[in-house]
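Hi everyone, and thanks for making the time. I'd like to walk you through one structure this morning, so let me put it on the screen before we start.

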Amino acid sequence: MPETDRDDEVAATAGSTAPEPAASDARIDLPDVEWKRVSPKFLVVAIVGRVISAVIVCGAAVVLWLLVGWTWAGWALPVLAAAFIIAIAIEPRRVRSIGYALRADDLVFRRGIMFQRFVAVPYGRMQLVDITRGPVSRALGLADLRFVTAAATTGVAIPGLPEADAEELRDQLVTLAESRRAGL
């Protein structure tokens, strides 16, 4: 085969390669997994939580600085404020990183940007599926779905699900858990 024909063939096949995965899918390659994300409204819940934390921590620093006379607290105040501003700026990306997927034998949960966490919870190991709603979540129509297993370290919570989706997913998981436990 002449060298020019071979180069044209390589160039043609190189151009037909599949597109690279998006940055959010480049974490761990789980084939045939369709990730579902939490509601975009959950960003409001996360930011409100960060702002409340910032007010409490910065307020404590002001009290220590002005009333108790600890001068180091006055120096720590701008550092704390900057840290909270950075955390609030990163919050949209952190919320987008949260996802879950239902597979044949387990539920897979992911979260995190720099420090990523992937947890697979087998349906047969689920002992309790709980729905919780905080005041801000309840106002936005969101709920958190929590799973309890026999292992103490697998506390998994999927935050920011619409209430109807959370209740439907809870019922589906309870049914799957009961059927899988019966087969053990």
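Let me begin with a quick one for you: does Asp171 count as buried, partly exposed or exposed? The answer is partly exposed, because its relative accessibility is 43%. Please keep in mind as we go that this is a predicted model.

Asp171 has a partner, too. Its side chain meets that of Arg170 in a salt bridge, at 3.3 Å from N to O. Arg170 is also partly exposed, because its relative accessibility comes to 27%. Elsewhere, salt bridges with shared partners tie Arg50, Glu91 and Arg94 into one network. I'll come back to that network in a few minutes.

First, the overall picture. The protein has 184 residues, and 30% of them count as buried. Its secondary structure amounts to 5 helices and 7 strands. Reading from the N terminus, the order is α-β-α-α-β-β-β-β-α-β-β-α. For those of you who like contact maps: among contacts with a separation of 6 or more, 52% are between residues 24 or more positions apart. The accessible surface is about 11600 Å², and carbon and sulfur atoms make up 62% of that.

Now please turn to helix α3, which covers residues 71-96. It holds 26 residues and spans 39 Å from the first C-alpha to the last, close to the 38 Å expected at 1.5 Å a residue. There is still a bend to point out. Where in α3 does the kink lie? You will find it at Ile90, shortly before the proline Pro92, and the angle is about 40 degrees.

Which residues of α3 are buried? They are Ala73, Gly74, Leu77, Phe84, Ala87, Glu91 and Val95. As a general reminder, an α-helix has 3.6 residues a turn, so residues three or four places apart point the same way. With that in mind, have a look at the spacing in Ala73 and Leu77, or in Phe84, Ala87, Glu91 and Val95, all on the buried list. And what do these buried residues pack against? Their packing partner is α2, residues 42-68.

Let me zoom in on Ala73, which sits in α3. Ala73 counts as buried because its relative accessibility is 1%, under the 20% cut-off. Setting aside neighbours within four places in sequence, Ala73 is in contact with Ala61, Leu64 and Trp65. Val63 is another useful reference point: from Ala73 it is 10 residues away in sequence and 8.6 Å away in space, C-alpha to C-alpha.

Val63 also brings us to the surface. Together with Trp65, Leu66, Leu67, Val68, Trp70 and Trp72, Val63 makes a nonpolar patch of about 770 Å². Which element gives the most to this patch? That is α2, with 5 residues. Leu66, for example, belongs to helix α2. Leu66 counts as exposed because its relative accessibility is 57%, over the 50% cut-off.

Back to the charges, as promised. In general, side chains of opposite charge can pair when their charged atoms come close. How many salt bridges are there in this model? The count is 7. One of them joins Glu91 and Arg50, whose closest N and O atoms are 2.8 Å apart. That pair connects distant parts of the chain, with Glu91 in helix α3, Arg50 in helix α2 and the two positions 41 residues apart. Glu91 counts as buried because its relative accessible area is 1%. Arg50, on the other hand, is partly exposed because its relative accessible area is 30%.

Another salt bridge pairs Arg146 with Asp144, at 3.8 Å from N to O. Here Asp144 is buried because its relative accessible area is 15%, while Arg146 is partly exposed because its relative accessibility is 36%.

One last stop, this time in a strand. Val108 is part of strand β3, residues 106-111. Is Val108 buried or exposed? It is buried, because its relative accessible area is 4%. Val108 and Val119 are 11 residues apart in sequence, yet their C-alpha atoms are 5.6 Å apart in space.

That's my tour, and I'm happy to take questions.

Methods:
Residues are numbered from 1 along each chain as its sequence is written. This is a predicted model: local features need pLDDT of at least 70, side-chain atom pairs count only at pLDDT 80 or more; totals for chains, interfaces and linings use all residues. Side-chain values use heavy atoms; hydrogens and water are left out. Helices (H or I, at least four residues) and strands (E, at least two) are DSSP runs, numbered from the N terminus. The expected span of a helix is 1.5 Å times one less than its number of residues. The bend at a residue is the angle between axes fitted to the seven residues ending there and the seven starting there. Buried means under 20% relative accessible area, exposed over 50%, partly exposed in between (1.4 Å probe, protein chains only). Contact means heavy atoms within 4.5 Å. Patches are made of residues with over 30% relative accessible area and no salt bridge: like charges are joined within 9 Å, nonpolar side chains (Val, Leu, Ile, Met, Phe, Trp, Tyr) within 5 Å. Accessible areas come from the Shrake-Rupley method with a 1.4 Å probe; for residues, only the protein chains shown count as cover. A salt bridge is a side-chain nitrogen of Lys or Arg within 4 Å of a carboxyl oxygen of Asp or Glu.
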